[in-house]
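Please open the structure in the viewer and set side chains to be shown on selection. The tour proceeds by short selections, each followed by a description of what is found there.

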Amino acid sequence: MGTLLNMRRRRPRRKSRRSGEAGVTLIEMMVVLVIIAVVAAMVVPNVIGRPDEARVTVAETDIRSIASALELYRLDNRLYPSTEQGLRALVERPTAAPVPQNWAQGGYLAAMPADPWGNDYLYRSPGETGAYDLVSLGADGQSGGEGVNADIAHGVQVSAK
């Protein structure tokens with residue numbers, strides 16, 4: 001029985017604390033941080049301008065969709081909505097003259113469109129450049145401009161006058 005008591009009293013030896021090579025040194029941490037900073041410096045400038053470019057692309061796509069809805073409206077009613085009726089004529093049946101005779105049940109668009117910057121698209125019929133003008137004034141919401149502030153009409157950017 002004496003040996004049984006000796007066995008119970010013996011505890012397994014604990015391993016010594018961490019050896020000198022375990023863990024991460026300050027220099028290694030600094031190297032990792034420098035690498036992350038270099039990668040970020042290369043990537044961030046390429047990503048920052050993308051949201052504005054994406055909004056321009058969305059505006060161009062919206063204008064093409066609205067133009068298609070306007071064409072369907074014209075095919076059904078033989079003319080485009082008037083300037084007074086505006087783009088609302090694609091969502092709700094107009095009551096102002098000229099009242100459409102063959103307005104599609106449910107409309108031509110699900111909702112009243114707004115450009116990616118939250119402004120209404122400008123619509124004129126007859127337009128200065130054709131049967132109608134459909135324009136987003138860009139990020140600044142004002143006529144003219146360059147880059148993301150340029151007007152977008154019929155899916156292309158219009159240069160400032």
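**The paired strands**

Begin by selecting strand β1 (residues 122-124) together with β2: the two pair in the antiparallel sense, over three bridges. The model is a predicted one. Next, add strand β3 (residues 151-153), which is paired with β2, also in the antiparallel sense, over two bridges. On the β3 side, select Val 135 and Ala 153, which are bridge partners.

Now keep β2 (residues 133-136) alone and display its side chains. Which residues lie on each side of this strand? Asp 133 and Val 135 are on one side, Leu 134 and Ser 136 are on the other, and all four are buried, so that both faces of the strand are covered. This arrangement follows a general pattern: in a regular strand, side chains alternate between the two faces of the sheet.

**A salt bridge between β1 and β2**

Select Arg 124 next; Asp 133 in β2 stands opposite this residue. The two form a salt bridge, with the closest N and O atoms 3.2 Å apart. Is each partner buried or partly exposed? Asp 133 has a relative accessible area of 4% and counts as buried because this value is under 20%. Arg 124, in contrast, is partly exposed, with a relative accessible area of 32%. In general, side chains of opposite charge can pair when their charged atoms come close.

**A salt bridge within helix α3**

Move to helix α3 (residues 50-77) and select Glu 71 and Arg 74, which are three residues apart, or about one turn of the helix. Here, too, there is a salt bridge, and the closest N and O atoms of Glu 71 and Arg 74 are 3.2 Å apart. Colouring by accessibility would place Glu 71 at a relative accessible area of 27%, which is partly exposed. Arg 74 is likewise partly exposed, at 30% relative accessibility.

**The salt bridge of Arg 88 and Glu 92**

Finally, select Arg 88 and Glu 92, which form a salt bridge with their closest N and O atoms 3.5 Å apart. Arg 88 has a relative accessible area of 38% and is partly exposed. Glu 92 is partly exposed as well, and its relative accessible area is 42%.

**Closing view**

How many salt bridges does a search of the whole structure find? The search finds three. To end the tour, return to Asp 133, the buried partner of Arg 124.

Methods
Residues are numbered from 1 along each chain as its sequence is written. This is a predicted model: local features need pLDDT of at least 70, side-chain atom pairs count only at pLDDT 80 or more; totals for chains, interfaces and linings use all residues. Side-chain values use heavy atoms; hydrogens and water are left out. A salt bridge is a side-chain nitrogen of Lys or Arg within 4 Å of a carboxyl oxygen of Asp or Glu. Buried means under 20% relative accessible area, exposed over 50%, partly exposed in between (1.4 Å probe, protein chains only). Two strands pair if DSSP finds at least two bridges between them.
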